[in-house]
Amino acid sequence: MDYKQELITTIHDFGCDLELLEEKLIRLSEQAPTAVVIPALYEELERPALASIRDHLGQCAFVKKVVVCLYANTIAQYAKAVEFFDSLPQPTAVIWENGERVTRILETLGDRALDLSSFKGKGRAVWLGLGVATLEAEAIALHDADIITYERSYPLKLLYPLLEKEFGIAFNKAYYARIGSESRQLNGRVMRLFVTPLLTALTELLGYQNYLRYLNAFRYPLSGEFAMNGDLALNIRIPSNWGLEVGLLAEVYRNVAQKRIAQIDLGVFDHKHQTVGSSTQEGLQKMCRDILRSLLRTLTETEQVVLTREHLHSLRIKFRRQAQDYTRQYFVDARVNNLEFGRHQEEVTTELFEEVIAEAGEDYFSNPAGAQIPDWTRALAVMPNLREQLRDAALTDAAEAKALRVVHNEAVSPV
């Protein structure tokens, strides 16, 4: 292995002994509790991925707490989710993030001049989950609910570097090969066709910028699987748009010494895929739009870069050239490895992504402020027992949901 000087620690998998690693982590987690946070929509319960995740988590003795942040439209949906996760051996909090109790708590926060009502989606779920998890856990792993290839090695690899104190790691992010588990297709379009050529084009345009070098050090900056210690979880702002993963890396950049940041190999990875979208307000185009706005804002905020509209015109030209070059590289990789690869469609997608640059740039100039949820330390300054209130709301909601199901089952059971 050719080790080069990198800004962050890259942890390779040379066929590590997972059983030995698990034994170590079980021992370490007795002294420093761990948690796994899963933001989820109710619809995920009806797909096979989440059931597999739940079953694998049930085998993870090193995970001491599970926090599920659920978006559900009705009490019946929430009750089904509580029952779905009831088989887990770990204490599990199912937070009904848009339920009446949680909504009321957040409204009280708004009454005290910290209004979070405009923040929706995955960002709010992540923020709620991290807050409740920090009540008990010193190391917290977070991942999505749609991972098809999930194994118990995922939380194991994410959490272990945080608890091995000699490493000094505060944040650990996953990287992997995005290969379709059934289709043998080369996936990860936003990463391959937008972020990779965009970072190269920005480096050419703006010259050496430490933030761009930092992002390039991550092998998969868009991965939604990461872990952090409790202190960091309380001190970072959470982006509430589709640029969450890149925006979170910006927060880590602001708050953590780079020698305390790591990335780890999870192997081959597959999950549910988004459509490209018919406009820049939908699907992957919307994701690209939010990612670019996050990049531009962070470059101005941390690197003192002064951006102009002329920069955006040049960026489009450089992006097109880089995207074409990378697409040829992906074609060769796919052909050699016998992977499905529609080269024409890849080229069409890069052209759509290029159009996103113009619109996202105009958005940034008209409104450079980001959509970020304030960090937990600020929220706790306003309401010191906020985390406890949210935890108790989840416990009460779950108790009512279980009672509701008992009544329902008695009503439909034959006499």
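## Helix 7 and the second largest pocket

Helix 7 gives the most to the lining of the second largest pocket, contributing 5 residues. Please keep in mind while reading that this is a predicted model. The second largest pocket has a volume of about 330 Å³. Its lining is made up of 20 residues, and those closest to the centre are Met191, Arg192, Thr196, Arg219 and Tyr220.

Helix 7 has company here: strand 6, helix 8 (210–217) and helix 12 (309–336) also supply at least two residues each to the lining of the second largest pocket. Sorted by class, that lining holds 13 nonpolar, 4 polar and 3 charged residues.

## The largest pocket

Let us turn to the largest pocket, whose volume is about 1200 Å³. It is lined by 49 residues, with Asp144, Asp146, His271, Gln274 and Met287 the closest to its centre. In terms of class, the lining of the largest pocket comprises 20 nonpolar, 15 polar and 14 charged residues.

Which element provides the largest share of the lining of the largest pocket? Helix 7 does, with 5 residues. Several strands each bring at least two residues to this lining, namely strand 2 (34–41), strand 3 (65–71) and strand 6 (171–178). On the helical side, helix 5 (121–133), helix 10 (244–255), helix 11 and helix 13 (343–366) each do so as well.

## A cavity with a nonpolar lining

Searching the whole structure for cavities of 30 Å³ or more turns up 1. The space in the largest cavity is about 40 Å³. Two elements give two or more residues to its lining: helix 7 (189–206) and helix 11 (283–303).

What lines the largest cavity? The residues are Val195, Leu199, Leu215, Pro221, Val246, Ile291 and Leu295. By class, the lining of the largest cavity has 7 nonpolar residues, with no polar and no charged ones.

## Strand 9 and its parallel partners

Is strand 9 (residues 261–269) largely enclosed or open? Because 7 of its 9 residues are buried, strand 9 is largely enclosed by the rest of the structure.

Strand 9 pairs with strand 6 in the parallel sense, over 7 bridges. Strand 1 (residues 9–11) also runs parallel to strand 9, and 3 bridges join the two. Ile264 of strand 9 is a good residue to look at here. It is the bridge partner of Ile11, and Ile264 is also the bridge partner of Ala174.

## Contacts around Arg237

Arg237 sits in the loop between helix 9 (230–235) and strand 8 (238–239). Which side chains make polar contacts with the side chain of Arg237? One is that of Glu251, joined to Arg237 by a polar contact of 2.7 Å. Another is the side chain of Gln372, where the polar contact is 3.1 Å.

Leaving aside residues up to four places away in sequence, Arg237 touches Leu248, Glu251, Arg254, Glu301, Gln372, Ile373, Pro374 and Asp375.

## Three loop residues

Most residues other than glycine have a negative phi. Gln304 is not a glycine, yet it has a positive phi of about 55 degrees. Gln304 is located in the loop between helix 11 and helix 12. Is Gln304 buried or exposed? Its relative accessibility is 60%, so Gln304 counts as exposed, the cut-off being over 50%.

Asn338 also has a positive phi, about 60 degrees, without being a glycine. The loop between helix 12 and helix 13 is where Asn338 is found. With a relative accessible area of 65%, Asn338 is exposed.

Finally, Ser279 belongs to the loop between strand 9 and helix 11. Ser279 has 27% relative accessibility and therefore counts as partly exposed. Ser279 and Ile38 are 241 residues apart along the chain, and their C-alpha atoms are separated by 29 Å.

Methods: Residues numbered from 1 in each chain as written. Predicted model: local features only at pLDDT ≥ 70, side-chain atom pairs only at ≥ 80, totals over all residues. Heavy atoms only, no water. 1 Å grid on protein atoms, 1.4 Å probe; cavity = no way out; pocket = protein on both sides within 12 Å on 5 of 7 lines; lining within 4 Å. Points joined across faces, edges and corners; volume = space filled by probe spheres on them. Helix = DSSP H or I, 4+ residues; strand = E, 2+ residues; numbered from the N terminus. Nonpolar A, V, L, I, M, F, W, Y, C, P; charged D, E, K, R; others polar. Polar contact = N/O pair within 3.5 Å; in protein donor to acceptor, adjacent residues only side chain to side chain. Contact = heavy atoms within 4.5 Å. Buried < 20%, exposed > 50% of the residue type's maximum accessible area, 1.4 Å probe, protein only. Pairing = 2+ DSSP bridges.
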